[in-house]
Amino acid sequence: MRLSFRLKHHFFSAFRELFVHHHGSLEFRAKIFALIIAANKEATVESYILIKNIGLDLYKEDTNRANLLMLSTKELVKKVQDNNGLNIDALVLNIQKELKIIPRYAHKIDIDSLRRLLQYTYDTDTLAYQENILEFLQKIKDETLNDKG
């Protein structure tokens with residue numbers, strides 16, 4: 001990554017909520033992606049590249065937002081892996097809480113995009129765990145959208 005991007009990232013990390021348009025939405029998406037990746041103890045670089053590419057599609061080729069989505073996801077996964085105040089259960093609870101507060105975020109749970117991350121899982125038990133997480137996310141998405149309507 002270019003030095004200018006890294007400097008900008010560190011600056012934005014400190015003041016993300018102030019400077020990033022729709023910060024909460026981007027962070028919610030990062031949590032969803034992190035949930036799937038963190039379930040795989042063998043998280044790959046390809047997973048993060050895929051997230052950046054998904055971000056480019058979501059954000060209409062806005063490289064800065066796509067990079068920020070990728071880096072925010074990576075930070076969350078690292079927190080889970082390092083057991084640094086976050087684990088899978090806490091991430092799930094946080095996602096559920098955010099959906100109760102902001103139900104429109106349910107539209108941001110794109111199971112097809114999330115499913116693409118499973119191609120980088122080679123352990124059958126981990127794959128089954130990730131499939132269960134996808135089913136759970138689909139269920140809370142449907143419940144949230146049905147409660148809202």
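Tutor: A polar contact is a pair of N or O atoms within 3.5 Å; within protein, one atom must be able to donate a hydrogen and the other to accept it, and residues adjacent in sequence count only if both atoms are side-chain atoms. This is a predicted model, in which local features need pLDDT of at least 70 and side-chain atom pairs count only at pLDDT 80 or more, while totals for chains, interfaces and linings use all residues. Residues are numbered from 1 along each chain as its sequence is written, and side-chain values use heavy atoms, with hydrogens and water left out.

Student: What makes the approach of D62 to N64 at the start of α4 a polar contact?

Tutor: A side-chain oxygen of D62 comes to within 3.2 Å of the backbone nitrogen of N64, and the cut-off for such a pair is 3.5 Å.

Student: Why is the span of helix α4 said to agree with its number of residues?

Tutor: Helices are DSSP runs of H or I of at least four residues, numbered from the N terminus. The expected span is 1.5 Å times one less than the number of residues. Helix α4 covers residues 63-81, 19 residues, so it should span 27 Å, and its end C-alpha atoms are 27 Å apart.

Student: Why is N64 called partly exposed?

Tutor: Buried means under 20% relative accessible area and exposed over 50%, with partly exposed in between (1.4 Å probe, protein chains only). N64 has 41%, so it is partly exposed. Buried residues of α4 include R65, L68 and L76.

Student: Why is L86, in the loop between α4 and α5 (88-101), called buried?

Tutor: Its relative accessible area is 13%, and the limit for buried is 20%.

Student: Which residues does L86 contact, leaving aside its neighbours within four places in sequence?

Tutor: L86 is in contact (heavy atoms within 4.5 Å) with L76, K79, V80 and L91. The C-alpha atoms of L86 and L76 are separated by 8.0 Å.

Student: What makes up the lining of the second largest pocket?

Tutor: A pocket is an open set of points on a 1 Å grid over the protein atoms alone, where a 1.4 Å probe fits, with protein on both sides within 12 Å along at least five of seven lines; lining residues have an atom within 4 Å of a point. Ten residues line this one, and E27, K31, L76, K79 and L86 lie nearest its centre. Helix α4 gives the most, with four residues.

Note on methods:
Helices (H or I, at least four residues) and strands (E, at least two) are DSSP runs, numbered from the N terminus.
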